[in-house]
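Reader: I am new to this structure and should like to understand the terms used to describe it. May I ask for the reasoning behind each one?

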Amino acid sequence: MSNTNPSMPAPAHGRLTAVMILSAAGAALGGLLFGLDTAVISGTTSALQERFALSDAQLGFTVASALIGTIVGSLTAGWPSDRFGRKAVLLTVAIAYVVSSLGSALADSWSVFLTFRLLAGLAIGAASVITPIYIAEVSPAHVRGRLVALNQLNIVFGILLAFISNYVIAGLFPPDIAWRWMFGIVTVPSALFLVVTLVLPESPRWLVSAGRDTRAVTIMERLGFPDPAGDVHHMREAAAREAAATRAKPRLFARAHSFPVTCAIAIAMFNQLSGINALLYYAPHIFELGGAAADSALLQSIAIGGTNLVFTIAALFLIDRFGRRPLILFGSIATAAALFLVAWQFESARPDGTLVLIGLIGFIAAFALSQGAVIWVFISEIFPSAVRGKGQALGSTVHWVMAASITWAFPVFAARLGGWVFAFFGGMMLLQFLWALKQMPETNGIALEDMNLQSAGR
């Protein structure tokens with residue numbers, strides 16, 4: 001996929017303004033809650049099992065319950081975001097975060113707890129669809145990768161906060177109370193996200209699709225786009241091209257969109273076939289299997305979260321410089337090597353806990369530099385404007401279906417296969433390398449309105 005096309009206007013590389021950064025960062029608070037809410041349960045599993053008298057199978061379902069909600073949230077978020085706007089859905093997500101965190105903390109029965117965890121999952125799934133779209137649509141092409149990657153930065157920062165808060169709260173309260181505080185603390189950033197969402201501008205690209213060009217120009221001027229009127233005209237031309245190509249109501253699964261659909265499904269599947277969510281949800285348990293004591297396992301989980309954050313920050317500076325595809329190619333090989341190291345250690349007669357920690361830190365570092373930084377940027381870019389909401393929903397749904405399946409199944413397969421489960425994840429990363437080498441397009445630096453031309457021309 002070439003980054004050049006003689007039919008395209010040269011991009012106007014305006015400056016990165018404070019309003020752009022603040023708008024992207026404000027929306028990316030949804031990503032922080034995404035990470036915080038998904039990882040916080042890792043410190044509560046033993047207490048939940050005791051409090052609600054759960055079997056191992058019921059505990060697995062409890063851990064996966066939010067992920068089941070994410071499937072529904074990602075499936076249903078695309079249509080309202082296209083119909084009512086990105087900001088309206090972000091506001092709904094913020095309210096759901098507040099209610100679900102309070103409800104989970106105060107739940108007095110397993111069924112009530114599951115209900116609020118499912119609501120949290122709905123919010124997470126919707127945020128995974130809307131937040132990258134919103135940031136992409138308020139960003140010029142030359143800085144879009146960095147700004148959309150702010151969402152991933154906040155996701156991993158939220159994961160780190162979850163590990164840290166779990167460790168601190170576990171030292172302050174007895175287990176039968178601590179788990180409630182672990183969920184309840186999520187209410188604070190949820191309320192902040194709700195307040196911030198109220199002042200975010202609407203996506204100018206959505207406004208153009210809704211026929212509100214004047215308002216779109218005003219917001220683009222406020223954001224600091226160098227040529228708002230020209231950009232709106234370009235958006236109108238792109239919409240006309242798309243309408244002429246489809247000659248009907250835009251359909252995600254039209255033949256013209258088959259290539260981006262395939263790409264979104266592939267990168268979403270490989271993201272979870274790396275085993276990332278198995279590590280994040282069961283990190284303390286994995287470290288205990290490697291020989292660490294319970295307190296040490298919680299500290300090692302913080303090391304995982306910290307590594308994730310550091311290398312995600314590094315990815316912010318690399319994703320627009322080197323592009324999406326080179327990062328995936330590098331990460332595929334590096335994550336595979338780290339996973340094979342972990343598998344070898346677990347299958348050895350006397351596993352070395354230090355080598356297990358080194359392998360998992362190496363895995364999370366390589367993942368953060370590649371898949372972690374690229375997936376939401378790539379999916380938010382690859383689809384043409386007419387079906388971007390639906391396409392993002394498709395990619396997110398595939399991601400969450402795979403996440404729920406692997407998270408639910410991991411304890412069973414880890415018990416039966418031992419370290420070979422990590423070898424399986426490593427093999428999947430080698431398959432990802434082959435896909436990226438042969439099929440993955442480069443989307444770096446291409447205007448969103450021209451993405452359909454590039455996909456069609458591959």
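**Reasons behind the terms**

Author: Asn 166 is a suitable place to begin, as this residue is buried, with a relative accessible area of 2%. The model discussed here is a predicted one.

Reader: Why is Asn 166 called buried?

Author: A residue counts as buried when its relative accessible area is under 20%. The value for Asn 166 is 2%, so the residue is buried. Asn 166 has its place in helix H6, residues 144–172. Leaving out residues up to four places away in sequence, Asn 166 touches Ala 39, Val 40, Ser 42, Gly 43 and Met 182.

Reader: What is the make-up of the chain in helices and strands, and what share of its residues counts as buried?

Author: The chain has 19 helices and zero strands. Of its 458 residues, 59% count as buried. Among contacts between residues at least 6 apart in sequence, 82% join residues at least 24 apart.

Reader: Which residues have the most contacts inside the largest nonpolar core?

Author: They are Tyr 97, Ile 267, Phe 410 and Phe 422, in a core of 138 residues. Helix H16, residues 353–382, gives the largest share of this core, namely 13 residues. As for Ile 267, its contacts beyond four places in sequence are Ile 328, Gln 371, Val 374, Ile 375, Phe 378, Ile 379, Trp 435 and Met 440.

Reader: How do you know whether Ser 370 is buried or exposed?

Author: The relative accessible area of Ser 370 is 2%, and the limit for buried is under 20%, so Ser 370 is buried. The place of Ser 370 is in helix H16. Apart from residues up to four places away in sequence, Ser 370 touches Leu 327, Ile 328 and Gly 331.

Reader: What makes H4 roughly antiparallel to H5?

Author: Helix H4 (residues 86–106) and helix H5 (residues 110–137) pack at an angle of about 150 degrees, and their axes are 8 Å apart. Angles over 145 degrees count as roughly antiparallel, so H4 is roughly antiparallel to H5. The residues of the contact of H4 with H5 divide into 17 nonpolar, four polar and three charged. H4 passes H5 in a left-handed crossing.

Reader: Why are H12 and H18 called roughly antiparallel to each other?

Author: Helix H12 (residues 258–273) and helix H18 (residues 420–438) pack at an angle of about 155 degrees, with axes 9 Å apart. This angle is over 145 degrees, and H12 and H18 are therefore roughly antiparallel to each other. The crossing in which H12 passes H18 is left-handed. On the H12 side the contact includes Cys 263, Ala 266, Ile 267, Phe 270 and Leu 273. On the H18 side it includes Phe 424, Phe 425, Met 428, Met 429, Leu 431, Gln 432 and Trp 435. The residues of this contact divide into 11 nonpolar, one polar and no charged.

Reader: What makes H5 and H17 oblique to each other?

Author: H5 and H17 pack at an angle of about 140 degrees, with their axes 9 Å apart. An angle must be over 145 degrees to count as roughly antiparallel, whereas roughly perpendicular covers 65 to 115 degrees. The angle of about 140 degrees meets neither condition, and H5 and H17 are therefore oblique to each other. H5 passes H17 in a right-handed crossing. Among the residues that make the contact are Val 129 and Ile 133 of H5 and Gly 389 of H17. The contact of H5 with H17 divides into six nonpolar, five polar and two charged residues.

Reader: How do you know that Gly 389 counts as buried?

Author: Gly 389 has 0% relative accessibility, which is under 20%, so Gly 389 counts as buried. Gly 389 lies in helix H17, residues 388–417. Without residues up to four places away in sequence, Gly 389 touches Gly 78, Ser 81, Asp 82, Val 129 and Ile 133. Gly 389 and Ser 81 are 308 residues apart in sequence, yet 6.8 Å apart in space, C-alpha to C-alpha.

Reader: Why is Ala 53 called exposed?

Author: A residue is exposed when its relative accessible area is over 50%. Ala 53 has 63%, so Ala 53 is exposed. Ala 53 lies in the loop between helix H2 (45–51) and helix H3 (56–84). Phi of Ala 53 is near 50 degrees, a positive value in a residue other than glycine. Most residues other than glycine have a negative phi.

Conventions
Residues are numbered from 1 along each chain as its sequence is written. This is a predicted model: local features need pLDDT of at least 70, side-chain atom pairs count only at pLDDT 80 or more; totals for chains, interfaces and linings use all residues. Side-chain values use heavy atoms; hydrogens and water are left out. Helices (H or I, at least four residues) and strands (E, at least two) are DSSP runs, numbered from the N terminus. Buried means under 20% relative accessible area, exposed over 50%, partly exposed in between (1.4 Å probe, protein chains only). Contact means heavy atoms within 4.5 Å. A nonpolar core is a set of buried Ala, Val, Leu, Ile, Met, Phe, Trp, Tyr and Cys residues joined through side-chain atoms within 4.5 Å. Axes are lines fitted to C-alpha atoms, for helices over the stretch in contact, and angles run from 0 to 180 degrees between N-to-C directions. Angles under 35 degrees count as roughly parallel, over 145 as roughly antiparallel, 65 to 115 as roughly perpendicular and the rest as oblique. A crossing is left-handed if the near helix is turned anticlockwise from the far one by less than a right angle, and right-handed if clockwise. Ala, Val, Leu, Ile, Met, Phe, Trp, Tyr, Cys and Pro count as nonpolar, Asp, Glu, Lys and Arg as charged, and the others, Gly among them, as polar.
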